[in-house]
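Please work through the exercises below with the sequence and the coordinates at hand. Each task is followed by a solution in steps.

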Amino acid sequence: MKIGKVEVHVLKVPLDQPYIAAGRAVGANWHVMAEVTTEDGITGFGYIVALNQMFIGTVAAATRELAPLLTGMSVAEPEAAWRKMARAGDWVGPGGLLHYAIAPLDIAIWDAFGKTLGQPVSRLLGGMRDRLPVYASDGFWYSLTLDELAASAKRAFDAGFRAMKLRVGNEEHPDGEVARVRAVREAVGPSVAIMVDATETWSVTRAIQTGKALQDAGVVWIEDPVSHTDVAGMARVTAALDATVATGEHLYQIAEFSRLLEARATGIALIDLGRIGGVTPWRHVASLAHGFGVPVGGHVLPEIHVHLLTAVPNAHVVEYVPRSRALLRAMPEISDGALVVPPGGGFGLELDRDAVRRFAV
């Protein structure tokens with residue numbers, strides 16, 4: 001189980017249909033990917049994904065600097081490996097660059113660990129279930145017209161999704177946001193759960209005002225209504241709305257989640273795998289939230305998050321944004337509105353080696 005070799009790659013995966021997200025033009029998904037190979041010849045891989053090239057080279061360089069620390073360590077001891085990397089880079093952390101640099105390596109270690117034992121990571125982490133409800137979160141961007149938004153929702157519905165999340169926050173009046181929700185509702189019917197993501201664009205007052213209009217329109221989840229730095233404001237919004245408030249994807253440390261949960265500032269804690277630093281600290285945040293009686297969700301990377309979320313008792317739902325689909329032989333299966341843990345060891349994923357070579361930078 002000892003690690004013999006670690007490789008780090010930068011990959012640029014161009015999009016067939018570029019879009020606008022949070023005011024930025026997105027034309028490709030950038031990956032920093034690590035491959036960890038044991039002395040027995042078992043290789044695990046992991047990656048983080050970004051929507052633009054800024055700092056990708058920096059993260060990759062930091063990941064390559066951390067990689068030699070893993071040589072000779074056991075993939076069966078991911079906690080020890082994570083702590084060793086965190087201590088080595090603590091002068092630029094915790095959080096930020098350090099966590100992003102650790103994450104691909106940590107994910108790859110868990111993948112190799114599972115493959116070594118012939119067990120899925122979901123089972124290594126607890127094995128609570130083998131599937132979890134999933135929602136479509138790709139193709140509902142600000143830049144879409146109402147007709148385009150409705151067409152995207154219909155495609156998601158036809159693909160088997162029974163929940164979907166729209167981006168909101170660009171309209172001058174709450175009625176404009178409600179119109180986007182109604183366009184989707186008319187396209188998919190009454191059985192679909194509609195969620196929205198405001199991407200931290202509102203003031204507290206505006207979030208409460210618009211949030212009430214949206215919940216009256218049938219929205220069940222309002223994500224990132226105000227800045228993640230305004231914990232007191234987030235708590236006010238959470239208390240004022242019946243719809244569930246979800247936030248947390250911009251947090252880097254367990255202590256930040258502790259402050260959020262102690263303030264009762266979210267109904268669902270969202271954990272970003274890159275920002276938190278990989279699988280190892282992700283599970284600690286999930287346990288912390290469980291102690292507060294708060295469900296958890298992931299942020300993007302559904303092929304990884306399906307393992308993490310199906311392993312814990314307080315998981316809520318998986319976000320489906322398949323930004324790495326072009327690198328994989330197959331994504332996990334969607335069945336009856338749920339994402340299913342793939343069979344096989346580790347994360348149950350297989351790289352498309354031709355694609356990896358084609359997209360390598």
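The exercises concern a predicted model and proceed from the whole chain to single residues.

**Exercise 1. Overall form**

Task: Determine how the radius of gyration of the chain compares with the globule rule.

Solution:
- Step 1. The secondary structure of the chain consists of 13 helices and 13 strands.
- Step 2. The radius of gyration is 20 Å, close to the 21 Å that the globule rule gives for 361 residues, so the chain is as compact as a globular protein of that length.
- Step 3. Along the principal axes, the C-alpha atoms fill a box of roughly 60 × 40 × 40 Å.
- Step 4. Among contacts between residues at least 6 apart in sequence, 69% join residues at least 24 apart.

**Exercise 2. Surface and charge**

Task: State what share of the residues is buried, and describe the exposed area and the charged side chains.

Solution:
- Step 1. Of the 361 residues, 56% count as buried.
- Step 2. The chain exposes about 14,500 Å², of which carbon and sulfur atoms supply 51%.
- Step 3. There are 33 positive and 39 negative side chains, and the centres of these two sets lie 2 Å apart.

**Exercise 3. Nonpolar cores**

Task: Identify which residues have the most contacts inside the largest nonpolar core.

Solution:
- Step 1. In soluble globular proteins, nonpolar side chains tend to be buried together.
- Step 2. The largest nonpolar core here has 103 residues, and Leu70, Met164, Trp282, Val296 and Phe347 have the most contacts inside it.
- Step 3. Helix α3 (residues 96-117) gives the most to this core, with 10 residues.
- Step 4. Another core, of 11 residues, lies apart from the largest one; Val10, Trp30, Ile48 and Val59 are among its members.
- Step 5. Leaving aside residues up to four places away in sequence, the contacts of Met164 include Tyr135, Phe140, Phe157, Val184 and Met195.

**Exercise 4. Three helices**

Task: Is helix α12 enclosed or open, and are Ala289 and Ser152 buried or exposed?

Solution:
- Step 1. In helix α12 (residues 302-311), 10 of the 10 residues are buried, so this helix is largely enclosed by the rest of the structure. Among them are Glu303, His305 and His307.
- Step 2. Ala289 belongs to helix α11 (residues 279-291). Its relative accessibility is 0%; because buried means under 20%, Ala289 counts as buried.
- Step 3. Beyond residues up to four places away in sequence, Ala289 touches Leu261, Ala269, Val294, Val296 and Asn314. Glu256 is 33 residues from Ala289 in sequence, and their C-alpha atoms are 12 Å apart.
- Step 4. Ser152, in helix α5 (residues 146-158), is buried with a relative accessible area of 8%. With residues up to four places away again set aside, Ser152 touches Asp138, Gly139, Phe140 and Leu144.

**Exercise 5. Backbone exceptions**

Task: Locate the cis peptide bond and examine the positive phi values of Thr199 and Asp336.

Solution:
- Step 1. Most residues other than glycine have a negative phi, and most peptide bonds are trans.
- Step 2. The bond from Gly93 to Pro94 is cis, with omega near 5°. Pro94 is found in the loop between α2 (78-88) and α3.
- Step 3. Thr199 has a positive phi of about 45° and lies in the loop between β6 (193-197) and α7 (204-216). At 27% relative accessibility, Thr199 is partly exposed.
- Step 4. Asp336 has a positive phi near 50°. This residue lies in the loop between β12 (334-335) and β13 (338-340). With a relative accessible area of 80%, Asp336 is exposed.

Methods:
Residues are numbered from 1 along each chain as its sequence is written. This is a predicted model: local features need pLDDT of at least 70, side-chain atom pairs count only at pLDDT 80 or more; totals for chains, interfaces and linings use all residues. Side-chain values use heavy atoms; hydrogens and water are left out. Buried means under 20% relative accessible area, exposed over 50%, partly exposed in between (1.4 Å probe, protein chains only). Helices (H or I, at least four residues) and strands (E, at least two) are DSSP runs, numbered from the N terminus. The radius of gyration is taken over C-alpha atoms; the globule rule is 2.2 Å times the number of residues to the power 0.38. Contact means heavy atoms within 4.5 Å. Accessible areas come from the Shrake-Rupley method with a 1.4 Å probe; for residues, only the protein chains shown count as cover. Lys and Arg count as positive and Asp and Glu as negative; His and the chain ends are not counted. The place of a charge is taken as NZ of Lys, CZ of Arg, CG of Asp or CD of Glu. A nonpolar core is a set of buried Ala, Val, Leu, Ile, Met, Phe, Trp, Tyr and Cys residues joined through side-chain atoms within 4.5 Å.
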